[in-house]
Amino acid sequence: IRPADHGIFASAVAGGPAGAGYFAGGGVSGAYLSTVDRFLFANDSRTTLGTGLVAATYRLAGMASPTYGYFGGGRDPSITDRVVKFLFSDDSRTTLGTGLQDATYALSAFASSTSGYFAGGQDVGGATDVVDKFLFSDDSRSRLSTALSANYWDSAGAASSVAGYVFGGRGLGGRTSDVNRFLFSNDSNTVLSTGLSTARQGVAAMASSVAGYCGGGTDTVDTVDRFLFSNDSRTTLGTGLSTQRVFLAGMASTLSGYFGGGDNDLAPVREVATVDKFLFADDSRTTLGTGLSAISKELAGMSNLGA
């Protein structure tokens, strides 16, 4: 998920932040989607892109540069190495010639101002610790020598202006509370001593300019943990999500963060179209009247902060 740390952008309209957030893919088991929903941050109105993804894809990941949004990996239903790129100025779509180094699903993503990262997930050989880095200037791909601290899938990514974070997930030993932190200056990785409040997979993440947020996850909870970027300390919001959810997605404006979709583990319909909005000023939560265009789990999110 792209960090909400680029304060250079002015408000699109009086009282409303610039840009738009995107939720893509996912769906319901057996009926997955190529849909890309776009939420205008100025008023939270939703439109659905005419382009959409190349194919119905789930368990993918999203991140963004200042001018493009990227959705990578996932299943369609085969495991894919595809990375699709959306130009924010007109929402046109292209597919990168490079793609991920390996076809991967259940991965996470985050971005600096100059590069995007896809981390972990599962490839044809099983769980992986690899991190692919895409240079935004030419979309060239390299693989980090550092990698994650362990093989993780079903994690979530977000970033500050100086570091990217990979929250939780499932490792070979089960669910983890680990938070991996990648310093953008040299791509070194450390594991936070704080970690999540509970070990979780199927989480989502987003960020303000000062803190990263990790929400939901298995065992199907409404928990939202907040990590202060200045010292990586963790608090758990008293508000939480409006309902317990797993396999949801996150994105953010400069003023608010959004968690969309997911599986609430409640029969007869487990998937939801709910979008919860957290105001960064006080972490208060509201639920959008619009929601996603369709109920969806295992989707991905990313943000354009300058539209």
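# Exercises on an all-strand chain

Let us start with a pairing: strand 7 and strand 8 (residues 83–87) run antiparallel and are joined by 5 bridges. Two strands count as paired if DSSP finds at least two bridges between them, and strands (E, at least two residues) and helices (H or I, at least four) are DSSP runs numbered from the N terminus.

Some ground rules before the exercises. Residues are numbered from 1 along each chain as its sequence is written, and side-chain values use heavy atoms, with hydrogens and water left out. This is a predicted model, in which local features need pLDDT of at least 70 and side-chain atom pairs count only at pLDDT 80 or more, while totals for chains, interfaces and linings use all residues.

## Exercise 1: Confidence and overall make-up

Task: Find where pLDDT stays under 50, and how many helices and strands the protein chain has.

Solution.
- Step 1. pLDDT is the predictor's confidence in each residue, from 0 to 100. Its mean over the protein chain is 93, and 95% of the residues reach 70 or more.
- Step 2. The stretch under 50 is residues 2–14, for which the model has 38 contacts beyond four places in sequence; a contact means heavy atoms within 4.5 Å. Where pLDDT is low, the predicted coordinates should not be read in detail.
- Step 3. The protein chain has 30 strands and 0 helices.
- Step 4. Of its 307 residues, 58% count as buried. Buried means under 20% relative accessible area, exposed over 50%, and partly exposed in between (1.4 Å probe, protein chains only).
- Step 5. The C-alpha atoms fill a box of roughly 45 × 45 × 40 Å, taken along the principal axes.

## Exercise 2: The surroundings of strand 7

Task: Describe which strands pair with strand 7 and how many of its residues are buried.

Solution.
- Step 1. On the strand 6 side (residues 61–64), 4 bridges make an antiparallel pair with strand 7. Ala61 stands opposite Gly72, and a hairpin of 3 residues joins the two strands.
- Step 2. With strand 8, strand 7 also pairs in the antiparallel sense; here Gly69 has Phe86 as its bridge partner.
- Step 3. Of the 5 residues in strand 7 (residues 68–72), 4 are buried.
- Step 4. Now look at the loop between strand 7 and strand 8, where Pro77 is found. The peptide bond joining Asp76 and Pro77 is cis, with omega about 10 degrees. Most residues other than glycine have a negative phi, and most peptide bonds are trans.

## Exercise 3: An open sheet

Task: Give the strand order of the open sheet of 4 strands and name its edge strands.

Solution.
- Step 1. The order is 22-23-24-25, with antiparallel pairing.
- Step 2. Strand 22 (204–207) and strand 25 (234–236) are the edges, each pairing on one side only.
- Step 3. Strand 23 (residues 211–215) and strand 24 (residues 224–228) share 5 bridges, and Tyr213 has Arg226 in strand 24 as its bridge partner.
- Step 4. Asp219 lies in the loop between strand 23 and strand 24, and the peptide bond from Thr218 to Asp219 is cis, with omega near 5 degrees.

## Exercise 4: Buried salt bridges

Task: For Asp91, Asp187 and Lys297, find the salt-bridge partner of each.

Solution.
- Step 1. A salt bridge is a side-chain nitrogen of Lys or Arg within 4 Å of a carboxyl oxygen of Asp or Glu. By this rule there are 17.
- Step 2. Asp91 meets Arg38 at 3.5 Å, N to O. The pair links the loop between strand 8 and strand 9 with strand 4 (residues 36–40), 53 residues apart. Both Asp91 and Arg38 are buried. Asp91 also has a positive phi of about 60 degrees although it is not a glycine.
- Step 3. Asp187 pairs with Lys133, the closest N and O atoms being 2.9 Å apart. Asp187 lies in the loop between strand 20 (179–183) and strand 21 (188–191) and Lys133 in strand 14 (residues 131–135), so this salt bridge ties together parts 54 residues apart in sequence.
- Step 4. Lys297 meets Asp263 at 3.8 Å, N to O. Lys297 counts as buried because its relative accessibility is 9%, and Asp263 counts as buried at 3%. Salt bridges that share partners join Asp263, Asp265, Arg270, Glu271 and Lys297 into one network.
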